[in-house]
Amino acid sequence: MQTNYWMLVRNCSVPLVASRSSRGDGEMGSTEPAIAVVGSYNVGLVTEVPRFPVPGETVTGSTYREVPGGKGSNQAIGAARLGADAVFIGCVGGDAYAADAFDLWDREGVDASAVSQVETHTGVGTVLVDDRGENEIVVVPGANYHLGREQVADAADRIDDCDVLLVQLEVDDDAVRAAVETAAECGVDVVLNPAPARELPMDVLRNVDYLTPNESEARVLAGLSPDEDVDVGADLLELGVRTVVTTQGGDGAIVRDADGQTHVPTPTVDVVDTTGAGDAFNAAFAVALADGASTVEAARFGCRAGAVTTTEFDVVPALPTLDDIDTLDD
């Protein structure tokens, strides 16, 4: 029986879409939303600090731990936790971190058969979390930058079997371009989470159905400094994207398309760690779209997932299940 995501976001009475069945793809009779994620796997090297250091300063941290991460892997796990059939397409190295990754995906029910191993180190990310729950992150891509057109082409049938393709920017532009082109050829909707932000070629953006930047990422995409105090969400539509969903942390999200814009609020929670909120939002947003939700309802579902995630430390342990979202107070 298909999970009623609409009931979780606002008790909608609109009938659900039997997602893969309606496209005629995938297994006979399968009704679970199907998500393909092209992206990164990184090991997070996490240190908690009382405050972020300024240039040239050393700050003593209180704890250190190594945790699984990478936006692509996080979002694939997030989708699987919400009941979707999730396939992850990426690259890892030939080290112990890679073995840990495959064990993780197996436990979480993520199909990792399209993940390649290459002769370099698995990607790593250094994360600082301050006592307010804010974070600063530096990523060293490693194996992630070995993901290219060839690996994506080998997984084209996996993308074709899905309802939504979810991709981020912790991999090379060649992999991003190949992924969105493949999805467009297959008639699969594309959600691009442009993080970490960089300007993108027009031929990539023209194949994106839903662009999901935060406010600083939106400015970078528009060719501005990330800290400029200007709203560029409407400008991004002119780049060829059908819908722009700008996330605003605790202030929710703004959905913009050719018909106008809608603000979607987020529930108020006690924030512990914001690190995985964006990944949770994008996973939930993609799952809801694949299940037939409107863009606004999908954004609302994403905001709820992101809010839940901020109430726990680390990303993977905090990624919500449907029960977590269902029990969240508005």
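Is Cys303 buried or exposed? Hi everyone, let's start there. Cys303 counts as buried, at 5% relative accessibility. Please keep in mind that we're looking at a predicted model today.

While we're on cysteines, how many disulfides does the structure hold? The answer is 0. Take Cys186 as an example: the closest cysteine sulfur belongs to Cys162, and at 9.7 Å from the sulfur of Cys186 that is too far for a bond, because a disulfide needs the two sulfur atoms within 2.5 Å. Cys186 is also partly exposed, with a relative accessible area of 21%. The cut-off for buried is under 20%.

Now let's move to strand E12, residues 243–247. Why do we call this strand largely enclosed by the rest of the structure? Because 5 of its 5 residues are buried. If you look at the two faces of E12, both are covered. On one side you have Thr243, Val245 and Thr247, and on the other Val244 and Thr246, all of them buried.

So who are the neighbours in the sheet? Strand E11, residues 210–211, runs parallel to E12, and 2 bridges join them. Strand E13, residues 253–257, pairs with E12 in the antiparallel sense, over 4 bridges.

Val244 is a nice residue to click on here. Val244 is the bridge partner of Leu211 from E11, and in E13 the bridge partner of Val244 is Arg256.

Last stop, the turn. E12 and E13 form a hairpin with 5 residues between them. Have a look at Gly249 in that turn, which has a positive phi of about 60°. Thanks, everyone, and I'm happy to chat afterwards!

Technical notes:
Residues are numbered from 1 along each chain as its sequence is written. This is a predicted model: local features need pLDDT of at least 70, side-chain atom pairs count only at pLDDT 80 or more; totals for chains, interfaces and linings use all residues. Side-chain values use heavy atoms; hydrogens and water are left out. Buried means under 20% relative accessible area, exposed over 50%, partly exposed in between (1.4 Å probe, protein chains only). Two strands pair if DSSP finds at least two bridges between them.
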